[in-house]
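Look at the chain below. Then read how its parts fit together.

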Amino acid sequence: MTNSQLYNAIFRRRSIRKYDMSPLPADTLEKLQEFVSVTKPLDESIRYEFTYLGSPDVKNLLPIKAPHYICLYSEKKGNYLMNAGFLLQQVDLYLSENNLASCWLGMAKPAKGVPMLMNGLEFVIMLSFGNTMEPIHRANTSEFKRKNLPEISSVAGAEALLEPVRLAPSASNTQTWFFSGDLELITVSRKKLNILKAQVYGKMNQIDIGIALFHLWLSVDHQGKVASYSFEKDAVPSGYEFMAKVKISN
Ligand SMILES: Cc1cc2nc3c(=O)[nH]c(=O)nc-3n(C[C@H](O)[C@H](O)[C@H](O)COP(=O)(O)O)c2cc1C
C-alpha cells in the first residue's frame, strides 16, 4: 500500500463497531501482517510487538465484538504512547483503504489467560477489525464531527497541511491537540486535563497525539516534503502540555 493510498483513507475512514463475525480469509490476514511488519515507528529506540487475537481472547467493557483484534505491546519508556498511536494508525488507515472495518479500543484488554506482558513488553492498546454490513467509508469530510481548524491551530497558512490532521480520530473524540509555530517548525501540544479527566483520558490522549503525528507525516509527504520529529521541550500556549516538534523540510 502506498503513502498516497493511506493519505486518501484519512478523508473517508470512520470507526465501525458492528462486525460480521465470520473470520477474514487467510490471504487477507497474511497481507495485513505483511503491511504491519513494515509499519514505521515514531521513535526507533522503543521496542514493540504486534499480536493478533480472536473474539474469545478479548475482554471489552463495551459490547463491541469483532472477529479479529490487533494488539500493540511495547516497552514502557519515553514516548511509547505516542509511538503506539503512530504505529497503529497506519493499520487503521490500511484497513479502511482495504474496505475493512476497524475501531480503536481503549476500553478493551486481553482476556484472562492472555498475557498482558510479553518478552518485557506490556499490552498498550488494540484495534478491532473485520467485515461489516455497515458502510465502511464516509461520503465526504462534512460527515466528520471535528473541531474547526482555528480551534486547534495558530499556524499561519497551514490550512491544507493540517486538514488531514484535524480529521484524525481520538479517544471519545476529545481532540486535545494544538499546533503552533510556522510551516517549517510545528510545535504539537496537548490540552492539560484536570485530575479527574487525566485519570480517564491521560494515556489515551497521548496515543491520540501519535495518531495526529502520523496524519501530519502523511500530509507532509503528500506535499512532497519530509517531516522529522524532536522531543526536547519548547514553549506551548498556556493550558497546554508540550508533546513534540515537527520540522518540515524540502
Ligand atoms: C485511543 C483511542 C481509543 C478509543 N477507544 C474507543 C473505545 O474503547 N470504544 C469505542 O467505541 N471507540 C473508541 N475509540 C474511537 C473514537 O470514539 C472515535 O475515533 C472518535 O469518536 C472519532 O470518530 P471516528 O473514528 O468515526 O472518526 C477510540 C479512539 C482512539 C483514538
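Domain bounds here come from an automatic or database domain assignment. This is a predicted model: local features need pLDDT of at least 70, side-chain atom pairs count only at pLDDT 80 or more, and totals for chains, interfaces and linings use all residues. Residues are numbered from 1 along each chain as its sequence is written, and side-chain values use heavy atoms, with hydrogens and water left out.

**Two domains**

The assignment splits the chain in two, as the table shows.

| Domain | Residues |
|---|---|
| domain 1 | 3-130 |
| domain 2 | 145-249 |

Their C-alpha centres lie 21 Å apart. Contact means heavy atoms within 4.5 Å. Domain 1 gives 23 residues to the contact, and domain 2 gives 23 residues.

How much area do domain 1 and domain 2 bury between them? The value is about 2,100 Å², with 79% of it on carbon and sulfur atoms. Buried area is the accessible area (1.4 Å probe) that two parts lose on being put together, summed over both. On the domain 1 side, Tyr7, Leu81 and Met82 supply 29% of the area buried against domain 2, more than any other three residues.

**Salt bridges**

A salt bridge is a side-chain nitrogen of Lys or Arg within 4 Å of a carboxyl oxygen of Asp or Glu. The rule counts eight salt bridges. Across the interface of domain 1 and domain 2 it finds zero. One salt bridge joins the side chains of lysine 76 and glutamate 122, at 3.2 Å from N to O. Lysine 76 sits in the loop between β3 (68-74) and α3 (80-97), and glutamate 122 sits in strand β7 (residues 121-130), so the pair ties together parts 46 residues apart in sequence.

**Helix α6**

Helices (H or I, at least four residues) and strands (E, at least two) are DSSP runs, numbered from the N terminus. Helix α6 covers residues 195-222. The expected span of a helix is 1.5 Å times one less than its number of residues. For the 28 residues of α6 that gives 40 Å, and the end C-alpha atoms are 39 Å apart, which agrees. Just after α6, glycine 224 takes a positive phi of about 75°.
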